[in-house]
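Let's take a walk through this structure together. Have the sequence and the 3D view at hand, and we will go from single elements to the way they pack.

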Amino acid sequence: MDYLAITVVTLISGVVGTGLGGVIGALLRRDSGKVVSLLLSFAAGIMLAVVCFDLMSEPIEMMGEGILPDYTPFIVVLAVAVGFGVVYLLNFIIDKNTNHEVKHIDENHPSTADALDELIHSDHFETHKGNKSNLFVAGLVMMTAIALHNLPEGMIIGASYAAVDVMASLFSGSGFIMAIVIGLHNIPEGMAVSVPLISGGMKKLNAVSLTALSGLPTVFGALLGYALGGINPMMLVLSLGFASGAMLYVVFGELLPESILMWRSKLPSVAVFVGIIVGFLLVMF
């Protein structure tokens, strides 16, 4: 029953959130960089607050209760570093092998994505839309890039639920908060997926369906995080730490630089601040 409940929550967050973005992209065929920038900044702030004020502090509270040994903080730091490093390395490999094929990414272009299509490599997909043999590979690259974002996001949700009674906390607590925030953050991501698919000649219904399916890694990540976290307290620490590190990379390595480059203003930093405050209040209450 717990697995079913978590699956439903993350399906709404991942598949419905991304699919809704796909619908918006199909209807409007354009996006507002300023609105997306603020949305991503706000979501990044809440994610940061939940990770730092709740998820990374959970093992410390367990240590205080005598459930975990005194060296637990070092295990948390190691797990966070591994999670951050693994996602960074995988993204680096994808970027290195695809960016040189996109004409506008050169020495005069920011090395960090300044648009959602660059972050998930739909610009790479767009480049190959005239060549069917290369288009399939470009599509796989785009889906892999999306999975690298969605898997750790799902792990955060699953590991958070592993630390509590799922049914009692299904619609409260850090797991539910992260599910809502990730769902909001998936909307502009879904827009970035559907627009190049449609512009490449795919029917709108098929493009929206494929976009929604790209949110499935969130569900897989949630089930993985919950399964690992439920083995024993130390595995819960490792699961929370790894997922937190992966999420910190997504926040600091992608969402924040991207949102600031999308709208070169001080307002994205204000949105981050508001997000951190809101996240703190959600965790505390």
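A good place to begin is helix 1, with its 27 residues: at 1.5 Å a residue it should span 39 Å, and its end C-alpha atoms lie 38 Å apart, which agrees. The span does not tell the full story, though, since helix 1 bends by about 35° at leucine 11. Please keep in mind throughout that this is a predicted model.

Now step back to the overall plan. The protein contains 12 helices and 0 strands, so its pattern along the sequence is simply α-α-α-α-α-α-α-α-α-α-α-α. Of its 285 residues, 51% are buried. The surface it exposes comes to about 12900 Å², with 71% of that supplied by carbon and sulfur atoms. Contacts reach far along the chain: among those between residues at least 6 apart in sequence, 82% join residues at least 24 apart.

What holds the middle of our tour is the largest nonpolar core, which has 44 residues. The members that touch the most other members are Met47, Ile156, Tyr161, Val166, Met178 and Met247. Helices 1, 2, 4, 7, 8, 10 and 11 each supply at least two residues of this core, and the largest share, 11 residues, comes from helix 11 (233-262). There is also a second, separate core of 8 residues, with Ala26, Met142, Ile198 and Val208 among them.

Let us zoom in on one of those well-connected members, tyrosine 161. Setting aside neighbours within four places in sequence, tyrosine 161 is in contact with Ile6 and Val9, with Val166, Ser169, Leu170, Gly175 and Phe176, and with Tyr226.

Another residue worth a visit is threonine 218, in helix 10. Is threonine 218 buried or exposed? It is buried, with a relative accessible area of 0%. Not counting residues up to four places away in sequence, threonine 218 touches Thr10, Gly14, Asn150, Gly154, Ile157 and Asn186.

Helix 4 offers a further example of a regular span. Its 27 residues reach 39 Å from first C-alpha to last, close to the 39 Å expected at 1.5 Å a residue. The buried residues in helix 4 are Thr72, Val76, Ala79, Val80, Gly83, Val87, Asn91, Ile94 and Thr98. As you read that list, recall that an α-helix has 3.6 residues a turn, so residues three or four places apart point the same way.

We finish with helix 12, residues 267-284. This helix has 18 residues and reaches 26 Å between its first and last C-alpha, close to the 26 Å expected at 1.5 Å a residue. Which residues of helix 12 are buried? They are Pro268, Ala271, Val272, Gly275 and Gly279. These residues cover an arc of only 100° around the axis, which puts them on the same side of helix 12. The buried residues of helix 12 pack against helix 2 and helix 11.

One last stop is isoleucine 177, in helix 8, which is buried with a relative accessible area of 9%. Not counting residues up to four places away in sequence, isoleucine 177 touches Ile46, Val50, Leu282 and Val283. Isoleucine 177 and valine 283 are 106 residues apart in sequence, yet their C-alpha atoms are 8.4 Å apart in space.

Notes
Residues numbered from 1 in each chain as written. Predicted model: local features only at pLDDT ≥ 70, side-chain atom pairs only at ≥ 80, totals over all residues. Heavy atoms only, no water. Core = buried A, V, L, I, M, F, W, Y, C linked by side-chain atoms within 4.5 Å. Buried < 20%, exposed > 50% of the residue type's maximum accessible area, 1.4 Å probe, protein only. Helix = DSSP H or I, 4+ residues; strand = E, 2+ residues; numbered from the N terminus. Contact = heavy atoms within 4.5 Å. Expected span 1.5 Å × (residues − 1). Arc of directions from axis to C-beta. Areas by Shrake-Rupley, 256 points an atom, 1.4 Å probe, with all protein chains shown as cover. Bend = angle between axes of the 7 residues up to and from the residue.
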